[in-house]
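Student: Please take a close look at one part for me: the nonpolar packing. Then work outwards from there.

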Amino acid sequence: MTEIAVHVRGVDKTFRTGRGRTVDALSGIDLEVAAGEFVSLIGPSGCGKSTLMRLIADLDTPTAGELTVFGKTAPRARLDQDYGIAFQKAALLPWRTVRGNIELPMELHGMPRAERRARADELIELVGLGDFADRHPDQLSGGMQQRVAIARAFAEKPRLLLMDEPFGALDEMTRETMQTELARICAETGAAVVFVTHSIPEAVFLSDRVVVMSPRPGRIREILTMDLRGERTEELREDEAFFERVSAVREALHGSPSAGAKGVENR
Amino acid sequence: MMRRLRPILLGIAGVVLVGVAWEVYKALAPDTGVVIAGITVLPRASDLAMPHLGAMLDRALSPVTRAAGSPALWLATLQAASFSFGIAVVGWLVGVVVGIAIAIVMQRFRTAQSALLPWVVLSQTVPLIALAPLVRRIGTQLSTGGFEWQDWMSVALIASYLAFFPVSIGALRGFGSPTAEHLDLMRAYGVGWWRTFLAVRVPASIPFLLPALRLAAVNAVVGTIVAEVSIGLRGGIGRAIVEFAASGSADPAKQWSPIFGAVLMGLAAAGLVALLSLALRRYRRNEVSA
Amino acid sequence: MTAPRLRTVLAPIVFGIAVVLVWQLLVTAFPAKGSALPAPFTIAGQFAASAGVIVQASLGTAANALVGLVVGTLVAVVLAVLAAAWRPLDELSAPVVTALSVIPIVALAPVFYAMFGASVETGRQMIAAIAVLVPVYVNTLRGLRTVDPLHRDLLRSYAAGRWQTARTVTVPGAVPFLFTGVRIASSLAVISALVAEYFGGPVSGLGKAITSAVSSSNYALAWAFVLGAIVTGLVFYCATALLETLALARLRPTG
């Protein structure tokens with residue numbers, strides 16, 4: 001039986017706004033992510049995809065329902081450092097070099113210096129930033145900064161990776177390059193991934209399954225299996241099957257007329 | 001090469017221009033100054049009110065008093081300035097430490113921040129330096145047992161009082177500057193408040209802290225001088241300024257030496273903080289959003 | 001009002017009252033005759049009793065601060081406009097202004113009394129004016145320099161002249177900066193005017209009042225005058241902050 005990385009059942013999340021009103025960010029979410037599986041969460045603004053990711057990361061707590069990560073509670077998983085995380089903004093520490101930033105989590109968790117250095121070197125090679133190891137973030141482009149953030153997310157060899165629109169702020173060309181890179185790294189490390197995105201082609205390109213969500217309240221509308229054989233390469237983007245899958249996701253998103261899918265890219 | 005020298009050359013040019021303006025004004029303006037409706041709008045240009053720059057220099061090189069063995073004025077001034085500067089440094093250090101400590105408390109406890117911050121901000125806008133004459137009395141009255149409250153301590157206390165406020169506010173702003181992503185990241189790493197503080201908040205606060213430290217240094221110098229005047233501290237530059245000014249009608253150029261001494265103190269204070277800035281430049285790289 | 005909002009407003013008030021009460025308690029429990037730190041209630045009483053004298057002294061210092069504020073602001077604005085228009089002036093004056101911002105201006109008080117007369121207030125007003133000049137100049141210059149590149153390009157595309165650009169974009173853009181500088185300078189004006197009194201000059205104003213009260217060991221009165229100084233400082237700050245808010249509201253109406 002395959003190990004379950006993330007198990008979500010009947011999860012609700014309600015936010016209280018200043019004036020005593022409530023917002024149903026998530027309602028009745030059921031989802032399972034198997035170990036090594038790449039799952040994307042896609043949907044219009046307000047569908048709760050980022051919220052769901054934050055619940056998995058224990059950056060927030062569900063109002064109802066159960067949520068486990070590798071069979072443990074989310075707080076336990078966080079304290080055990082079972083996952084790595086990347087945000088839309090790279091959130092690098094400006095006073096540390098590339099190497100310093102990648103070493104950050106290892107340093108905080110008491111890894112010995114020699115081990116840290118070796119692992120950091122490995123990761124720098126992995127993301128292709130060998131010549132920039134001693135630069136500071138303000139000397140790097142947006143794409144490079146995100147690569148550092150991704151390297152950092154992989155630092156402690158997590159079995160689960162949580163990513164919240166990490167390529168959202170990048171231009172289209174850099175974005176596609178980064179997607180190919182990420183697909184390669186994930187295949188190499190075998191980590192499970194929960195990936196939040198606005199972009200349909202991105203979701204289709206990277207994922208084993210795409211979770212389509214709808215807003216008000218945040219619900220899972222449909223889960224589509226991508227079933228795209230072979231390696232994630234540039235050629236895949238031109239493939240028939242790829243376009244078919246993109247259309248399928250688009251249809252699932254635009255689904256019922258009342259939903260009104262705003263804020264989703266159709267490029 | 002020229003680019004590096006340019007600000008320095010311009011600085012010197014600026015100061016020289018001020019000196020030139022001084023002499024030009026002296027040459028052109030009447031001895032009684034420009035008086036409009038009984039109010040002296042432009043200063044008196046007499047040798048008594050505005051000595052020649054040359055006269056100031058001459059006087060600085062001469063002995064302080066006519067008494068035998070009296071040191072040169074510039075030397076005595078330098079000694080007084082150093083003495084006062086030392087007190088200002090002590091005041092600055094105390095103010096910085098207390099200011100940062102309070103900022104840490106305010107950062108850690110929201111309630112403390114709500115309770116204290118308005119008072120800290122308020123105290124920057126009101127002339128607490130008006131307390132100067134009182135502080136010494138309180139100090140001497142508090143002397144207990146073997147501990148004797150020295151006059152210089154009152155001066156240092158006032159200096160630290162003036163230094164602490166900008167540091168507190170600057171430090172708090174700096175501690176609160178890390179973005180939500182940075183804090184989420186630390187939480188995702190399972191790192192507690194104190195370690196997050198040391199690893200992220202402290203380095204992030206440097207760009208906010210440095211201008212505050214500079215302001216605090218300037219305030220400490222001003223506070224020292226003013227306190228010395230109120231208290232009449234022996235050996236201090238403040239006392240020298242007032243003392244020499246009292247004999248200003250007989251010896252007009254004498255009072256300018258301690259004034260230049262005070263100016264030097266201010267420049268030295270700013271200069272030291274600038275050195276600190278230089279040492280900490282690694283932490284001043286601005287955040288570039290991805 | 002929600003709980004956190006309530007806390008933000010109440011906490012400082014509660015804290016302030018608590019401090020006053022503790023102070024009162026300590027002084028009552030450990031009475032020291034002729035203490036330089038009297039009980040707050042005693043000070044309040046003295047303040048009420050001597051209100052007339054305190055107001056008079058406050059007005060003296062406030063008047064000097066006001067003159068300094070106005071003169072300093074005017075001169076600073078003129079200089080800033082010139083410096084913004086003519087680069088060499090800016091470069092020459094920058095080091096002088098920086099030096100002025102770090103040196104203790106009040107040290108010049110004695111010579112100002114010599115230059116303007118020791119029996120009039122002008123010397124103190126000049127000290128305040130110089131103290132005001134620095135922040136207003138720096139802020140106004142920054143405002144004049146900080147033109148949104150988009151606005152600049154827009155006016156360029158309209159082939160607008162230098163004067164037109166200045167009138168429609170540069171000056172309105174600089175006004176908020178000017179008012180920020182004035183707000184910062186207001187406290188400096190009061191402080192400088194007060195401190196200048198410690199260095200000589202006529203017997204008027206809060207500084208002189210405090211020193212004479214201290215030398216005659218009338219500490220409660222001295223503290224009452226300090227309270228007057230605090231109120232004066234607050235009035236100046238609030239007035240200029242209000243001015244700033246009004247000016248900003250007029251210039252940038254939010255739809």
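Tutor: What follows starts with confidence, then turns to the cores, the contact between two chains, and chain A.

This is a predicted model, in which local features need pLDDT of at least 70, side-chain atom pairs count only at pLDDT 80 or more, and totals for chains, interfaces and linings use all residues. Residues are numbered from 1 along each chain as its sequence is written, while chains are lettered from A and ligands numbered from 1 in the order in which they are written.

The mean pLDDT (the predictor's confidence in each residue, from 0 to 100) of chain A is 87. In that chain, 94% of residues reach 70 or more. Residues 257-261 of chain A stay under 50. For that stretch the model has four contacts beyond four places in sequence; a contact puts two C-beta atoms, placed from the backbone, within 7 Å. Where pLDDT is low, the predicted coordinates should not be read in detail.

Now the packing. A nonpolar core joins buried Ala, Val, Leu, Ile, Met, Phe, Trp, Tyr and Cys residues through C-beta atoms within 7 Å. Buried means 20 or more other C-beta atoms within 10 Å, exposed means 12 or fewer, and partly exposed is in between. The largest core holds 147 residues. Those with the most contacts inside it include Ala159(B), Val106(C) and Ala189(C). Helix H8 (residues 193-231) of chain B gives the largest share, 17 residues; helices (H or I, at least four residues) and strands (E, at least two) are DSSP runs, numbered from the N terminus. Apart from this core lies another, of 82 residues, with Val6(A), Ala74(A), Ile85(A) and Val211(A) among them.

Take Ala189(C) in detail. Beyond its neighbours within four places in sequence, Ala189(C) contacts Ala65(C), Gly68(C), Leu69(C), Ala128(C), Ala131(C), Val132(C) and Phe236(C).

Next, the contact between chains. There, 22 residues of chain B touch 22 residues of chain A. On the chain B side, helix H7 (180-188) and H8 each supply at least two residues. H7(B) provides the largest share, six residues.

Last, two details of chain A. Glu176(A) sits in helix H6 (residues 172-189). Glu176(A) counts as partly exposed because 17 C-beta neighbours lie inside 10 Å. Pro201(A) is 25 residues from Glu176(A) in sequence, and 9.6 Å away, C-alpha to C-alpha. Elsewhere, an open sheet of four strands runs E2-E1-E4-E5 in chain A, with antiparallel pairing; strands pair if DSSP finds at least two bridges between them.
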